[in-house]
Amino acid sequence: MIKHTLWAPSCIHEGAIEHEEEEFDKYIALALKKKWEVFPIGDLLNCGLCAGTRHIESIWQDKINVQKQLDKIVAKLKPIKSQILGMVRGNHEDRIYKVTSLELVKIVADELKVPYYNYSKTIDWHGKKVFLSHGRGRGFSDFEKIIKQFDNIDIVILGHSHEWFHLPLVKTR
C-alpha cells in the first residue's frame, strides 16, 4: 500500500515575534525528505500594518518588514516547490490586499511557479476530494459551513484556528 501525506502549512506568520522558525524549518526538511505533497493555506506572512488595532499587529511589532517576510518565505519554500500543489491566502495576507490590492501569496506562488487559488480550492488527491482553505471563524463554524455547502467532500483542511484537531467526516446524504 502506498502512503501519501498532504501537508497544509498555515499560520506560519513569518516575521512575527512568535514565529517558530526552527520548527518550520524542520517541517520543510521533513517534507523534502519524505516527499510530502504540500498545499500552504494562508498566513504564511505576518503582515503587520502601519497602525495596529487590538486584533492587528503593527509593522513595528514584526521582526522584519513585509518585503523581507515575502523574500524569506519564498526562499524557505523553494526547495519543496515541485511538491506544492497550490496555495491560498489567509487573513494576515488579506490585511495587505485590503489596503493595496496586492495578493502576497499570489506573488509567492508566481515566484515558485505553483498554482494560486485565492481563498479556497477543492482538489482531487489520490482518489479523495479535499477542500482546503485558511478559514475565517473559530472552532466548527467554518467546518459546518463547508459541509453544508459542498457535496462529495472527503477531507476538509482549514487553518486559522491555531489548533490541531481532526474529526471523522460521516456522510449522511
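## A hairpin to start with

Let's begin at the hairpin built from strand 3 and strand 4: two residues sit between the strands, and H126 takes a positive phi near 50 degrees. Keep in mind that this is a predicted model. Strand 3 covers residues 120-125 and strand 4 covers residues 128-133, and the two pair in the antiparallel sense over six bridges. If you want a landmark for the register, S120 stands opposite S133 in strand 4.

Strand 4 has another partner as well. Strand 5 (residues 155-158) runs parallel to strand 4, and four bridges join them. Here S133 turns up again, this time standing opposite L158 in strand 5. So what should you expect of side chains along a regular strand? They alternate between the two faces of the sheet.

## The overall layout

Stepping back, the protein has five helices and five strands. Walk along the sequence and you meet them in the pattern β-α-β-α-α-α-β-β-α-β. There are 173 residues in the protein, and 43% of them are buried.

How far apart in sequence are the residues that touch? Take the contacts between residues at least 6 apart in sequence: 71% of them join residues at least 24 apart. As for the outside, the protein exposes about 10500 Å², with carbon and sulfur atoms supplying 55% of that area.

## The aromatic cluster

The count of aromatic pairs comes to five. One of them is W7 with F24, a tilted pair at 6.2 Å centre to centre with 45 degrees between the planes. W7 belongs to strand 1 (residues 6-7) and F24 to helix 1 (residues 21-34), so this pair ties together parts that are 17 residues apart in sequence.

Are W7 and F24 buried or exposed? Both W7 and F24 are buried. They also have company, since W7, F24, Y27 and W36 form one aromatic cluster.

## Two polar residues of helix 2

Now look at helix 2, where you'll find Q69. Q69 has a relative accessible area of 0%, which means it counts as buried. What does the side chain of Q69 reach? It gets to the backbone nitrogen of N46, at 2.9 Å. Leaving out neighbours within four places in sequence, Q69 is in contact with E14, G15, L45, N46, C47, D62 and I64.

K76 lies in helix 2 too. Its relative accessible area is 15%, and buried means under 20%, so K76 makes the cut. Which side chains does K76 meet through polar contacts? One is that of D25, at 2.5 Å, and another is that of E21, at 3.1 Å. Not counting residues up to four places away in sequence, K76 touches E14, E21, F24, D25 and I28. F24 in that list is the residue that pairs with W7, and E14 is also a contact of Q69.

## Helix 3 and what packs on it

Helix 3 spans residues 91-100, and its buried residues are H92, E93, D94, R95 and I96. What do they pack against? Helix 2 (66-77) and helix 4 (104-112). Just after helix 3 comes S101, with a positive phi near 70 degrees.

## An arginine over two rings

Next, R89. Its charged end sits over the ring of Y97, 4.2 Å from the ring's centre. R89 also lies over the face of Y119, where the distance to the ring centre is 4.3 Å.

## Out on a loop

Last stop: N152, in the loop between helix 5 (141-149) and strand 5. Why call N152 exposed? Its relative accessible area is 56%, and exposed means over 50%. N152 and V130 are 22 residues apart in sequence, with a C-alpha to C-alpha distance of 9.3 Å. V130 falls within the residues of strand 4 (128-133), the strand that pairs with strand 3 in the opening hairpin.

Notes. Residues are numbered from 1 along each chain as its sequence is written. This is a predicted model: local features need pLDDT of at least 70, side-chain atom pairs count only at pLDDT 80 or more; totals for chains, interfaces and linings use all residues. Side-chain values use heavy atoms; hydrogens and water are left out. Buried means under 20% relative accessible area, exposed over 50%, partly exposed in between (1.4 Å probe, protein chains only). Contact means heavy atoms within 4.5 Å. A polar contact is a pair of N or O atoms within 3.5 Å; within protein, one must be able to donate a hydrogen and the other to accept it, and residues adjacent in sequence count only if both atoms are side-chain atoms. Accessible areas come from the Shrake-Rupley method with a 1.4 Å probe; for residues, only the protein chains shown count as cover. Rings of Phe, Tyr and Trp (its six-membered ring) pair if their centres lie within 6.5 Å; planes under 30 degrees apart count as stacked, over 60 as edge-to-face and the rest as tilted. A charge sits over a ring if NZ of Lys or CZ of Arg is within 6 Å of the ring centre and within 35 degrees of the ring normal. Two strands pair if DSSP finds at least two bridges between them.
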